Amino acid sequence: MPFDVQRIRSDFPILSGRVHGKPLVYLDNAATTHKPQQVIDAIVGFYTHDNANVHRGMHELARRATDGYEAARGKVARFVGAPDHRSVVFTSGTTDAVNLVAYAYAEPRLKAGDRIVLTHMEHHSNIVPWQLVAERTGAEIVAAPITDAGELDLEALHALLDERVKIVAAAWVSNTLGTVNDVRRLASLAHGVGAVLLLDGAQALAHVPIDVREVGCDFLALSAHKALGPTGIGALYAKPELLGEMPPFKGGGEMIEQVTFPHTTYAAPPARFEAGTPNIAGAIGFGAALNYLSSVDREGLAAHERELTAYGTRLLGEVEGLRILGNSPTKAPVFSFTLDWAHPYDVAPILDHMGVAVRTGHHCTQPLMDRFGLPATVRASCALYTTREEIDALITALGKAREMLA
Ligand code: PMP
């Protein structure tokens, strides 16, 4: 079916709600997206009809729960082009997935003098786990610079790469700038020095088509809630040969083969990395979100997002004293900006009062803020259901804020 934003909006019950008596204009999608009825129904349906724990039971509900959970894993694998459903580990989200790689892959391998290359646009979730592991191993963190337009400086990154670099970890899509990185090139640069590439796919899932085999990344970290799914669930894709070599990170039920007091042997991946009762309803909701995204005309969606980016950039560019951070020509519809007549924290409550939800702050990217010499920005971020009219509402609300603050 051709892309039709109004038809899509009708699937999201929250979008017809009001806040402060005004129609909701939700422009905080980089923080979390809303959920279509299909995802809500999948979660309610699980608890209403199928609820049981997975894997261990010999009864019908246990079978249904296990089938639903494992079917969701297959959906994630297919959605990202993974060769095998066993290369997908359910995690609680991107943060958890990066930590899993940092502790189970990187820590046993890294030694003093090794390097981990990050970029200046990383989210704290793709910085702090590496710092913790660097402290334990003596490895060093090096950050690749970005340009004034907010694009990764690939030549500078290239120059940082040598045989000391064991891991390159980068955002596919920046949550603050909207920049879409050239991940194929990142993979070939990392592999050129024998390093592995971890991609932070938190923002990519909703905005760009993903094919891990085509990109050639070694690891991909995902959060369902950024792409129409529930919170508290995400996934790590890892190349099967890397996952197979990784020791467990958390111990508990489900991840074992045989337990005795002197010695425990571990299950094969992905179970080895899923200790304890997993977020079963979350995984089922994640699968439903991916089904929903798969049903959307991707070319139509890409065109819609390009149009939102161009429209928002043009209208925001006409607001006096407004400066946009992140001007990559191929960026996702994420607008971070400052205003020379007000502090971001003074603007957001006025916008909120007019029903316009934006985020203010450093967006968990403090090194990026430092790079631009800013303490905070206002960020308006779009999803597939965002309309031009919502951008118009943002512009009107900014006009009102200016009247009040300037
Ligand atoms: N990376 C990026 C680029 C993000 O936008 C976010 C969420 N803001 C994360 C990582 C962390 O995701 P989560 O909190 O779902 O683990």
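# Reading a burial, a ligand site and some backbone angles

User: Is Tyr385 buried or exposed in this model?

Analyst: Tyr385 has a relative accessible area of 1%. The cut-off for buried is under 20%, so Tyr385 counts as buried. Bear in mind that the model is predicted.

User: Where does Tyr385 sit in the secondary structure, and which residues is it in contact with beyond its sequence neighbours?

Analyst: Tyr385 belongs to the loop that runs between β17 (377-381) and α15 (388-405). With neighbours within four places in sequence left aside, the contacts of Tyr385 include Val5, Ile8, Arg9, Phe12, Leu15 and Tyr26. Leu228 and Glu390 are also among them.

User: Which polar contact joins the side chain of Tyr385 to another side chain, and which backbone nitrogen does the side chain reach?

Analyst: The side-chain partner is Asn29, with a polar contact of 2.5 Å. The backbone nitrogen is that of His34, reached at 2.9 Å.

User: How should I read the ligand site, and which residues surround the ligand?

Analyst: Start with the shell, then go to individual atom pairs. The ligand is surrounded by Thr94, Thr95, His123, Ser125, Asn175, Asp200, Ala202, Gln203, Ser223, His225 and Lys226. By class, this shell holds 8 polar, 2 charged and 1 nonpolar residues.

User: Which ligand atoms do the polar side-chain atoms of Thr95, His123 and Ser223 lie close to?

Analyst: For Thr95 the partner is an oxygen atom of the ligand, 2.5 Å away. Ser223 also has a polar side-chain atom at 2.7 Å from a ligand oxygen. For His123 the partner is a nitrogen atom of the ligand, at 3.2 Å. On its own the ligand has 400 Å² of accessible area, and the protein covers 84% of that.

User: How is the protein divided into domains, and how many residues does each give to the contact?

Analyst: According to the domain assignment, domain 1 is made of two segments, 5-29 and 296-405, and domain 2 spans 40-294. Their centres, taken over C-alpha atoms, are separated by 28 Å. The contact takes 33 residues from domain 1 and 30 residues from domain 2. The size of an interface is often given in another way, as the accessible area lost when the parts come together.

User: Which residues of helix α13 are buried, and what do they pack against?

Analyst: In α13 (residues 344-353), Pro344, Val347, Ala348, Ile350 and Leu351 are buried. They pack against the strands β14 (334-339), β15 (356-357), β16 (359-361) and β17, and against α15. Just after the helix, Gly355 has a positive phi of about 90°.

User: Which residues other than glycine have a positive phi, and which peptide bond is cis?

Analyst: The general idea is that most residues other than glycine have a negative phi, and most peptide bonds are trans. Leu228 departs from this, with phi near 75°. Leu228 is placed in the loop between β9 (219-223) and β10 (234-238), and its relative accessibility of 2% makes it buried. His363 has a positive phi of about 55°. His363 lies in the loop between β16 and α14 (366-371), and at 7% relative accessibility it is also buried. The cis peptide bond runs from Pro269 to Pro270, with omega near 0°. Pro270 is in the loop between β12 (264-266) and α11 (280-295).

How values were computed: Residues numbered from 1 in each chain as written. Predicted model: local features only at pLDDT ≥ 70, side-chain atom pairs only at ≥ 80, totals over all residues. Heavy atoms only, no water. Near = heavy atom within 4 Å. Polar contact = N/O pair within 3.5 Å; in protein donor to acceptor, adjacent residues only side chain to side chain. Areas by Shrake-Rupley, 256 points an atom, 1.4 Å probe, with all protein chains shown as cover. Nonpolar A, V, L, I, M, F, W, Y, C, P; charged D, E, K, R; others polar. Helix = DSSP H or I, 4+ residues; strand = E, 2+ residues; numbered from the N terminus. Buried < 20%, exposed > 50% of the residue type's maximum accessible area, 1.4 Å probe, protein only. Contact = heavy atoms within 4.5 Å. Domains from an automatic or database assignment.
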